[in-house]
Amino acid sequence: MRLITRTGRETAVDAEAVESFGASLAGPLLAPGDAGYDAARTAFNGAFDKRPGLIARCHGTADVVGSVRFARRRDLLVAVRGGGHSVAGKSSCDGGLLVDLSPMRSVLVDPARRRADVQGGATWGDVDRETQLFGLAAPGGIVSHTGVAGLTLNGGIGWLRNRFGLACDNLVEAEVVTADGEVVTANGERPELLWGLRGGGGNFGVVTRFRFALHPVGPEVAAVFAFYPLDAAVVRRWRDWAEAAPAEVTSEVVLWTAPDVEGLPPGARGRRVAVPSAVYAGPADEGERVLAPLLELGGRLGEIAGVMPFRGVQQAFDPFFPNTGEIRGYWKSLHVPALSDEAIELLVRAAERRTSEESMVVAEHVGAAVRGVSVDATAFAGRDAAYIVNFMATWRDPTDGREHVGWAREAWDRLVPHSTGAPYLNFLGEEEGGGEALVRRAFGPNYERLVALKRAYDPDNVFRLNQNVAP
Ligand SMILES: Cc1cc2nc3c(=O)[nH]c(=O)nc-3n(C[C@H](O)[C@H](O)[C@H](O)COP(=O)(O)OP(=O)(O)OC[C@H]3O[C@@H](n4cnc5c(N)ncnc54)[C@H](O)[C@@H]3O)c2cc1C
């Protein structure tokens, strides 16, 4: 069979070698035409339609080791997939080997030590399901089918960030399959590798197991999703409230068109709205009191608010992001030190100019638990801004992507003067030429240290399909 190499050439791999590779795996090895191949290659972002030459559906670390060694021996192009939510379509490839960890989803909780061991293909829904049994949680993302791996490796912002930090801040150990197919443990004995995995992306190897620190959360929490007309005054009042709120509060505002779906307040459905939202990571009754002002920002259309299961909060956005490949997306983000009135006007104007009603502008408030960590403590460097702003172009029609991409890029350009100029890499879509300059900006003062680590662990850039740090 013909496969694509790391440098983009075609190479012939004999059928016997492929067969014996397949026989060595505990999980199935799929090629184009095999039953299950199309389902296995489908990822969240339908804007990409990649066809790997082979997909190794890994059932354990040994399958990952076997896959990396098979690829190395033949210099094959390697893509690595955890939850398959890469906005930039980086977790697949055309013609190479896809090392697919999505069957590896076990989560083992040690409630006494407040630790969870999470396999490399698990989703945040898997983690919440197991940790919440014990009233514990690890800071993750806000859509439950997003992968733990990609989200953690490039930072990870969710509803617990202002209380307990980023997902990567809570990573205390990882099992990694290196570019040579060796299994190593990143912990106190390999502090530099652990440092790099805390925000440096998938550059240093395939993470087969994450160990997270857990915190008491829930099982019920106070949360508010308040729907208002799309109006700069509402966003200004939200900003003033969010900045004065205690550390238990994690908050954001979503500028959007509320879809006509059950569960949303009838007065909001189909309208262009601003949705100030917040979760309180502390006693629920106290949280209800602290979050109440979010319901009084002026002209409210409706709300989803009260004490609710933490797992329900973690799934609240799921219906709007079906994990079927039908959604197409191009997202772009910026770290914004302070949300001035002028910047808020830009966000509201951008929301008004959206080319798809499904697109969103989201401003996420980032508190001291993230900003107070020194920039060299982890590879994640975007700690100098109180907001992350995302322009999330989202559409379904396969023919008209360019218009929506153009909207996100224009909105982003306008906000640059109000920002640090650095993107949050988990919300960075496919950039022309690979976006090297943006990756450098995102890593800022940590970039050269990451290059040194890349040289130590992956000098040939086997793991290149990611927000890449070139050796
Ligand atoms: C619907 C949706 C909601 C989101 N919500 C949030 C949010 O709330 N907070 C947030 O911070 N981000 C969020 N994101 C962005 C998200 O963090 C990134 O898309 C992230 O890359 C997803 O991780 P994944 O494992 O699903 O991705 P994948 O597509 O599987 O992988 C992403 C990258 O990580 C690499 N990778 C994957 N698995 C491994 C592994 N085991 N070892 C080494 N490298 C690996 C891949 O090669 C690829 O480069 C969201 C994205 C989507 C689509």
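Modeller: Helices are DSSP runs of H or I with at least four residues, strands are E runs of at least two, and both are numbered from the N terminus. With that rule, Asp75 sits in the loop between H3 and E5. This model is predicted: local features need pLDDT of at least 70, side-chain atom pairs count only at pLDDT 80 or more, and totals for chains, interfaces and linings use all residues. Residues are numbered from 1 along each chain as its sequence is written, and side-chain values use heavy atoms, with hydrogens and water left out.

Colleague: What makes Asp75 stand out in its backbone?

Modeller: Its phi is positive, about 55 degrees, yet Asp75 is not a glycine. Asp75 comes just after H3.

Colleague: Why is Asp75 called partly exposed?

Modeller: Its relative accessible area is 24%. Buried means under 20%, exposed over 50%, and partly exposed in between, with a 1.4 Å probe and protein chains only. The value for Asp75 falls in the middle class, so Asp75 is partly exposed.

Colleague: Which other residue has a positive phi without being a glycine?

Modeller: Asn461 is one, with phi near 55 degrees. Asn461 lies in the segment after helix H15 (447-457).

Colleague: Is Asn461 buried or exposed?

Modeller: Buried, because its relative accessible area is 7%.

Colleague: How do you know that H3 has the expected span?

Modeller: H3 covers residues 61-74, which is 14 residues. The expected span is 1.5 Å times one less than the number of residues. For H3 that gives 20 Å, and the reach from first C-alpha to last is 20 Å, so the two are close.

Colleague: Which residues of H3 are buried?

Modeller: Asp63, Val64, Val65, Ser67, Val68, Phe70 and Ala71. Arg72 is also in H3, but Arg72 is partly exposed because its relative accessible area is 27%.

Colleague: Where is Gly181 relative to Arg72?

Modeller: The two are 109 residues apart along the chain, with 8.3 Å between their C-alpha atoms.

Colleague: What makes a residue part of the shell around the ligand, and how many residues surround the ligand?

Modeller: A residue is near the ligand if one of its heavy atoms lies within 4 Å of it. The count is 35 residues, and the closest are Gly82, Ser86, Ser91, Ile157 and Tyr424.

Colleague: How do you know that Gly83 makes a polar contact with the ligand?

Modeller: A polar contact is a pair of N or O atoms within 3.5 Å; within protein, one must be able to donate a hydrogen and the other to accept it, and residues adjacent in sequence count only if both atoms are side-chain atoms. A polar backbone atom of Gly83 is 2.9 Å from a ligand oxygen, so this pair qualifies. A polar backbone atom of His85 is 2.8 Å from a ligand oxygen. For Asn426, a polar side-chain atom lies 3.3 Å from one.

Colleague: How much of the ligand does the protein bury?

Modeller: Alone, the ligand exposes 950 Å², and the protein buries 96% of that. Those areas use the Shrake-Rupley method with a 1.4 Å probe.

Colleague: Which elements give two or more residues to the shell around the ligand?

Modeller: Strand E5 (78-81), helix H5 (148-153) and strand E12 (206-213). H5 provides the largest share, four residues.

Colleague: How many shell residues are nonpolar, polar or charged?

Modeller: There are 17 nonpolar, 16 polar and two charged. Ala, Val, Leu, Ile, Met, Phe, Trp, Tyr, Cys and Pro count as nonpolar, Asp, Glu, Lys and Arg as charged, and the others, Gly among them, as polar.

Colleague: How many disulfides are there?

Modeller: A disulfide is a pair of cysteine sulfur atoms within 2.5 Å. By this rule, the count is zero. Take Cys93: its nearest cysteine sulfur, that of Cys58, is 13 Å away, so Cys93 is in no disulfide.

Colleague: Why are Cys93 and Cys168 called buried?

Modeller: Relative accessible area is 3% for Cys93 and 0% for Cys168. Both values fall under the buried cut-off.

Colleague: What makes the bond between Gly218 and Pro219 notable?

Modeller: It is a cis peptide bond, with omega about 5 degrees. Pro219 is in the loop between strand E13 (215-216) and strand E14 (220-229).

Colleague: Where is Gly165?

Modeller: Gly165 lies in the loop between helix H6 (161-164) and strand E10 (171-177). Gly165 counts as buried because its relative accessible area is 3%. Its C-alpha is 8.5 Å from that of Ala368, 203 residues apart along the chain.

Colleague: Why is Val279 called buried?

Modeller: Its relative accessibility is 1%, so Val279 counts as buried. Val279 belongs to strand E16 (residues 272-280). Val279 and Val224 are 55 residues apart in sequence, and 6.6 Å apart from C-alpha to C-alpha.
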